[in-house]
Structures are given as C-alpha cells and as structure tokens.
Amino acid sequence: MVLGADGWIRSRAAGREYSAADVPPADVGLVLGAEVYSDGTPSPYLAARLELGRTLLETGKVKALLLSGDHGHWSYDEPNAMRRYLMSKGVPAAELAVDYAGFDTYDSCARAYRIFGVRKAVVLTQDFSVPRTVALCRAVGIDTTAVADRSQPHDLTYRRIWLRDQLAATKAVYSIVRKPDPILGDQETTVRDAVAANGG
C-alpha cells in the first residue's frame, strides 16, 4: 500500500521540479516549516529552505514568501523563527507573510489556498518531500512547482527523515481523496500585501 501510494503521489508531481535558476516565476514562494531548536535557530533543513526562498526573492522568481509552520504551543514557534532568520539576512519584512497553523504539509497547502488566497506558488522543501508537497498543493487548487534543497548530507538523520517522508505518502493520498478541513479562520490579505510591496 505504501509503495502504491508513493507511486501515485510521484505521478501527480511529475515534471514540476526545477532548479532555482529555471523555475517559472510565480508571485508566491511557499516555505514549509521544519524543526526549530530551543534557542529559536532554524535547523539546517529549515535554513536551507529559507535560503532557497531568499534566492528566489533576490532573483525575482517570486515576489513574496509565505512562511508556514507550527506554532501550536507558545513555547514552539516555527513561523516567527523563519521570519527572523530571513530578516537577519536582509529580506524586508514587508515581503514576508506568516501562517501560524501550518501543522503539516496538507494544512500548509490548504490554508495557503483557502485563507491566504494563493493560486500559484513555488514550494521550497527538501528533495525527498517534493513529490508529496507538490501533489498536496495541487490537490487543493494551487498551480504548484517546486525547488528542492539537495544540500543535506546523506547521513543517518537524512535517511531517517527520508523514510518518514515515504511513509507519509499514504497519509497524503488520504488527504487528497478526503480533503479534510484544516484549521480555518478569517481571510488574510498578508500574502497579497507582501506581493504588492515587491511591485506585484
């Protein structure tokens, strides 16, 4: 079942991964959350995603970044850690929008579409997550391409996360078929405002 789910997910995402130089332009880059250390520092996996987002902003491939991650508890805050990191690298705050309820990839995609009004996006994640992320975002209605981080060493941590991501394909198929509601709320204009701040 896992192999079948993984194959189906890969077929849904085929041909949609590009390099940072070749990806077609889109207004929005969607940066998915990952581990943040207790001192608020992004893990290497998350930092690599953020660097890809910064590159796409600097080269004009996207006009704004939506930073979507887990802030389900006051003591753990991925989105603000992501924003602080980018601002420390010189990215203007006006070009950043934040989603505090991106608890998993499906929620990030669904909320990007339903709450933030994103209709076309470049997703930024690690190489092994690209098929699942693209398939989930396309399933909720976002015209999605991806740029993958391939800079992580293929050590034990990488292999463990890679395996977990392959197993998550089954959950992704369930989400694509059932389309469960994420945490919802008022419509946000922050993505539109961030795009406008960069001339969009």
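**Exercise 1.** Place N80 and decide whether N80 is buried or exposed.

*Solution.* Start with the element: N80 is found in helix 3. Helices here are DSSP runs of H or I with at least four residues, strands are runs of E with at least two, and both are numbered from the N terminus. Next, take the accessibility. N80 counts as buried because its relative accessibility is 15%. Buried means under 20% relative accessible area, exposed over 50%, and partly exposed in between (1.4 Å probe, protein chains only). Finally, look at the side chain: that of N80 makes a polar contact with the side chain of R83, at 2.6 Å. A polar contact is a pair of N or O atoms within 3.5 Å; within protein, one must be able to donate a hydrogen and the other to accept it, and residues adjacent in sequence count only if both atoms are side-chain atoms.

The model is predicted: local features need pLDDT of at least 70, side-chain atom pairs count only at pLDDT 80 or more, and totals for chains, interfaces and linings use all residues. Residues are numbered from 1 along each chain as its sequence is written, and side-chain values use heavy atoms, leaving out hydrogens and water.

**Exercise 2.** Describe how helix 2 packs on helix 3.

*Solution.* Take the geometry. Helix 2 (residues 44–58) and helix 3 (residues 78–88) pack at about 50 degrees, with axes 10 Å apart. Helix 2 is therefore oblique to helix 3. Angles under 35 degrees count as roughly parallel, over 145 as roughly antiparallel, 65 to 115 as roughly perpendicular, and the rest as oblique. Axes are lines fitted to C-alpha atoms, for helices over the stretch in contact, and angles run from 0 to 180 degrees between N-to-C directions.

Now list the residues. L46, A47, L50, E51 and R54 of helix 2 meet M82, Y85 and L86 of helix 3. Contact means heavy atoms within 4.5 Å. By class, this contact of helix 2 with helix 3 holds six nonpolar, no polar and two charged residues. Ala, Val, Leu, Ile, Met, Phe, Trp, Tyr, Cys and Pro count as nonpolar, Asp, Glu, Lys and Arg as charged, and the others, Gly among them, as polar.

**Exercise 3.** Work out how far helix 5 is covered and how helix 5 lies against helix 6.

*Solution.* Helix 5 (residues 130–139) is mostly covered, with nine of its 10 residues buried. Among them are V130, P131 and R132. The axes of helix 5 and helix 6 (residues 156–178) come within 10 Å and cross at roughly 10 degrees. The two helices are therefore roughly parallel. In the contact, R132, A135, L136 and A139 of helix 5 meet D165, A168, A169, A172, S175 and I176 of helix 6. These residues divide into seven nonpolar, one polar and two charged. Just after helix 5, G141 has a positive phi of about 115 degrees.

**Exercise 4.** Set D107 in the context of helix 4.

*Solution.* D107 is found in helix 4 (residues 105–114). Eight of the 10 residues of helix 4 are buried, so this helix is largely enclosed by the rest of the structure. Its cover includes strand 2 (28–32), strand 3 (64–68), strand 4 (96–99), helix 5 and helix 6. D107 is buried, at 12% relative accessible area. Not counting residues up to four places away in sequence, D107 touches A101, G102 and P182. D107 and D181 are 74 residues apart in sequence, yet 8.1 Å apart C-alpha to C-alpha.
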